[in-house]
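Okay, thanks for squeezing me in today. Let me put the model up on the screen, and then I'll walk you through a few spots in it.

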Amino acid sequence: MDGLYAFGAYLVYRDTGLLLPLGELTGFLRSKHPEVYEVLTRFSNISHFEESSVVALKGELRRFADRITSSVSDRH
């Protein structure tokens, strides 16, 4: 989950240049990056992670990381 929050914070920082507290971070993600917000809310409600949940979360993070990597390489 820390990786997902860090990813969200990175997106907000990249878009605004600001580091926001969690409440404002999730609001910004909801409006500007709904796909990240949806994953964040889906996994934040899990109190006990089983292997299948961890594998699914890892896949989501990998998908987001691949997208960031490709967008950064497109800028250079």
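**A walk through the helices**

Let's begin at F64, which counts as buried because its relative accessibility is just 1%. Keep in mind throughout that what you see is a predicted model.

So what does F64 pair up with? Its partner is F7: the ring centres are 5.0 Å apart and the planes sit at 10°, so this is a stacked pair. If you're wondering why those two values, a pair of aromatic rings is described by the distance of the centres and the angle of the planes. For stacking, the planes have to be under 30 degrees apart. And how many aromatic pairs does the count come to? One, by this rule.

Now look at where the two rings come from. F7 sits in helix α1, residues 2–16, while F64 belongs to helix α4, so the pair ties together parts that are 57 residues apart in sequence. F7 is buried too, with 8% relative accessibility.

Staying with α1, let's turn to how it packs against helix α3, which covers residues 34–44. Their axes are 10 Å apart, and the angle is about 155°. Anything over 145 counts as roughly antiparallel, so that is what we call α1 relative to α3. The crossing itself is left-handed.

Who makes the contact? From α1 we have L4, Y5, F7 and L11, and from α3 there are V36, V39, L40 and S44. You'll recognise F7 there, the residue that stacks with F64. Sorted by class, this contact has seven nonpolar residues, one polar residue and no charged ones.

While we're on α3, find E38, which is in that helix. Is E38 buried, or partly exposed? Partly exposed, because its relative accessible area is 38%. You can also locate E38 from F28: the two are ten residues apart in sequence, and C-alpha to C-alpha they are 12 Å apart in space.

Last stop, back in α4, which runs over residues 51–75. S53 is in this helix. Its relative accessible area is 16%, so S53 is buried; the cut-off for that is under 20%. And which residues does S53 touch, once we leave aside its neighbours within four places in sequence? Those are F43 and I46.

So, to recap: a stacked pair made by F7 and F64, α1 roughly antiparallel to α3, and a buried S53 in contact with F43 and I46. That's my tour, thanks everyone.

How values were computed:
Residues are numbered from 1 along each chain as its sequence is written. This is a predicted model: local features need pLDDT of at least 70, side-chain atom pairs count only at pLDDT 80 or more; totals for chains, interfaces and linings use all residues. Side-chain values use heavy atoms; hydrogens and water are left out. Helices (H or I, at least four residues) and strands (E, at least two) are DSSP runs, numbered from the N terminus. Buried means under 20% relative accessible area, exposed over 50%, partly exposed in between (1.4 Å probe, protein chains only). Contact means heavy atoms within 4.5 Å. Rings of Phe, Tyr and Trp (its six-membered ring) pair if their centres lie within 6.5 Å; planes under 30 degrees apart count as stacked, over 60 as edge-to-face and the rest as tilted. Axes are lines fitted to C-alpha atoms, for helices over the stretch in contact, and angles run from 0 to 180 degrees between N-to-C directions. Angles under 35 degrees count as roughly parallel, over 145 as roughly antiparallel, 65 to 115 as roughly perpendicular and the rest as oblique. A crossing is left-handed if the near helix is turned anticlockwise from the far one by less than a right angle, and right-handed if clockwise. Ala, Val, Leu, Ile, Met, Phe, Trp, Tyr, Cys and Pro count as nonpolar, Asp, Glu, Lys and Arg as charged, and the others, Gly among them, as polar.
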